[in-house]
Amino acid sequence: MGKPTYWSVCVMKFNARICIILCVLIVALLPALASAQTLVLVSGTGTLSAGYTTIQPSSPLNPADYGGSWNPAVPSTDIASTWYLPTQAPFGSGAVWISSAATREGLSTDNQWRLFNDNFTIPSGATINSAQLAFTADNAADVYLNGVQIATTSPEEVYGVNPNDYSDYSRAFSTSFTPHAGSNTLSFVVRNFALGDVNGFNPSALLYTATIQYTSSQTPAPEFPSPALPVTMIIGLFGAVFYIQRTREN
């Protein structure tokens, strides 16, 4: 085997540099193996409503007690001037007041209950770093995570006859919670108190924002304008190396 020529040595050095650049490029195209993620849930059309009932539900989380079918919740157009502003902290992020209908249902003299669900998924193997919920309702609400109660506006207001306070809707309530990796459900049972005046203005609605921070060990696929772009880039780089090598040899 003959002694390598000056140009062959240059080509080998050049190829080594290209291989290093190629490795760096491939690594740069891949996201980190573990990345911090934030999931934000807000009251809106992504929330599900089971309808409403004027009979105190015997099974609060059973949609059959409220009408029996799940439908997208509806942004409320019956906005009371005393309701907490959705754009005000700790809400924001697109949260709006929602109900089972845009305008009032039933009579102002009715006691009413509504059930809302927000289903979400945390990737398998993820580690939950924090989860915080801010919520309020007209007039009161109990909150459940995966069927277990985690918060309420005020004790004994969602059920029973005599409420302690009618104005929970003017305050923000908050709680931390612990979802798990996989499927989760936040449920809200909202109570609207009856008025003594059949002609009274008596809307009912729910407002919430949940922020969940977690670390995922799953590597999401890189996003490119075209699925073929990464392959094209690598093939093009190899082609350039081959062309330069042939040029050097000639």
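**Reading the strands**

Guide: Welcome! Let's start with one pair: Ala131 has Ile212 as its bridge partner in E12. This is a predicted model, where local features need pLDDT of at least 70 and side-chain atom pairs count only at pLDDT 80 or more, while totals for chains, interfaces and linings use all residues. Residues are numbered from 1 along each chain as its sequence is written, and side-chain values use heavy atoms, leaving out hydrogens and water.

Visitor: Which strands pair with E7, and over how many bridges?

Guide: Strands of a sheet pair through backbone hydrogen bonds, either parallel or antiparallel. Here, pairing takes at least two DSSP bridges between two strands. E7 (residues 127-138) runs antiparallel to E12 (residues 205-216), joined by 11 bridges. E7 also pairs with E10 (residues 173-176) in the antiparallel sense, over 4 bridges; there, Leu133 is matched with Thr175.

Visitor: What is the strand order in the open sheet of 6 strands?

Guide: The order is E3-E2-E6-E11-E8-E9, with antiparallel pairing. E3 (71-72) and E9 (148-152) each have a single partner strand, so they form the edges and one side of each has no neighbour in the sheet. Two antiparallel strands, E2 (residues 48-53) and E3, share 2 bridges, and Ser49 finds its partner Asn71 in E3.

Visitor: How many helices and strands does the protein chain have?

Guide: Both are DSSP runs numbered from the N terminus: helices (H or I) of at least four residues, strands (E) of at least two. The protein chain has 2 helices and 12 strands, and its pattern begins and ends with α.

Visitor: What share of the residues is buried?

Guide: Buried (under 20% relative accessible area, 1.4 Å probe, protein chains only) describes 38% of the 250 residues.

Notes
Buried means under 20% relative accessible area, exposed over 50%, partly exposed in between (1.4 Å probe, protein chains only).
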